[in-house]
Amino acid sequence: MGCTPSTAISTSSSSTAPGCAGPPVSPTPAPRSRTSRINAAGVTIGFSDAGAHLRNMAFYNFGVRLLNRVHQAQSKPRPFMTVEKAVHKLTGELGDFYGIDAGRIEVGDRADIVVIDPAGLSDAVDGYHEAPIAEFGHMSRMVNRNDEAVAATIVSGELVFRRGEFVDGFGRTLGTGRFLRAGEARGTVAPVRRLDQTVADLAL
């Protein structure tokens, strides 16, 4: 599949898609232009278009990159965005935009939480790494690793990821979360599923 320009706002300065041998993508906007666009109403920070490419389908940490930029900007005389607004832009604003029951932490809501360690927010979040895909004969793929920044991930109140490692049984005997449909009522909490059989066995 060919390389195509991304329609999302990139927080990097690269003008070519990673791993692409074809023509460059659209030039990245200047920093001031990116800043004004990120602050504009209706502009969301989402995944990249890397899902179309098996080798770099894990280049999707735009949210962490935004938090890094905002964190570093706090030491400047006029930060372009507050930390609170950045967090809302990556959570509640997205929930409202897509009309899903997500993005807030309130009594009775599903506890889906990403714990970010500010000490881990640095230029390292833009780093390049390789990791094998066991399902494809351990073929190597390009990934982003933000283990120092992403301290933990909690889904439906269950700890599933901590300091670079998934908890034992995740995706096999421990199931969390579910597909979120637009327009569902608040409080659509899915219980954690602990299976006697592995998820892989059930799929056969």
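In this predicted model, Asp-112 has a relative accessible area of 37% and is therefore partly exposed. Asp-112 forms a salt bridge with Arg-110. The closest N and O atoms of this pair are 2.8 Å apart. Arg-110 has a relative accessibility of 9%. Arg-110 therefore counts as buried, since the limit for burial is under 20%. The bridge thus joins a partly exposed acid to a buried partner.

The search of the whole structure returns seven salt bridges. Among them is the pair Asp-96 and Arg-104, with the closest N and O atoms 2.9 Å apart. Asp-96 is partly exposed, at 48% relative accessible area. This value lies under the 50% that an exposed residue must pass. Arg-104 is partly exposed as well, at 34% relative accessibility. A further salt bridge links Arg-178 with Glu-184. Here the closest N and O atoms are 3.1 Å apart. Arg-178 reaches 37% relative accessibility and counts as partly exposed. Glu-184, at 27%, also counts as partly exposed.

Another acidic residue, Glu-158, is placed in strand β5, which spans residues 158-162. Glu-158 has a relative accessible area of 18%. It is buried because this value falls under the 20% limit. Beyond its neighbours within four places in sequence, Glu-158 is in contact with Thr-153, Leu-174, Thr-176, Val-192 and Arg-194.

Strand β5 also appears in the description of the largest nonpolar core. This core holds 18 residues. Val-64, Val-70 and Met-81 touch the most other members. Two or more residues come from each of α2 (62-73), β4 (150-155) and β5. The largest share, six residues, is supplied by α2. For Met-81, contacts outside the four nearest places in sequence are made with Ile-38, Asn-39, Val-70, Gln-74, Ala-86 and Lys-89. One of these partners, Val-70, is itself named with Met-81 among the core residues that touch the most other members.

The strands β2 and β3 were examined next. Strand β2 covers residues 129-133, and β3 covers residues 139-143. The two pair in the antiparallel sense over five bridges. Ile-133 stands opposite Met-139 in β3. Together β2 and β3 form a hairpin, with five residues between them. Gly-137 lies in the turn of this hairpin. Its phi is positive, at about 65 degrees.

Ahead of the hairpin comes a loop between β1 (113-116) and β2 (129-133), and Ser-122 lies in this loop. Ser-122 has 28% relative accessibility and so counts as partly exposed. This figure is not under the 20% required for burial, nor over the 50% required for exposure. Leaving out its neighbours within four places in sequence, Ser-122 is in contact with Asn-68 and Gln-72. Ser-122 and Gln-72 are 50 residues apart in sequence. In space, the C-alpha to C-alpha separation of Ser-122 and Gln-72 is 7.9 Å. Both contact partners, Asn-68 and Gln-72, fall within the span of α2 (62-73).

Methods
Residues numbered from 1 in each chain as written. Predicted model: local features only at pLDDT ≥ 70, side-chain atom pairs only at ≥ 80, totals over all residues. Heavy atoms only, no water. Helix = DSSP H or I, 4+ residues; strand = E, 2+ residues; numbered from the N terminus. Buried < 20%, exposed > 50% of the residue type's maximum accessible area, 1.4 Å probe, protein only. Contact = heavy atoms within 4.5 Å. Salt bridge = Lys/Arg side-chain N within 4 Å of Asp/Glu carboxyl O. Core = buried A, V, L, I, M, F, W, Y, C linked by side-chain atoms within 4.5 Å. Pairing = 2+ DSSP bridges.
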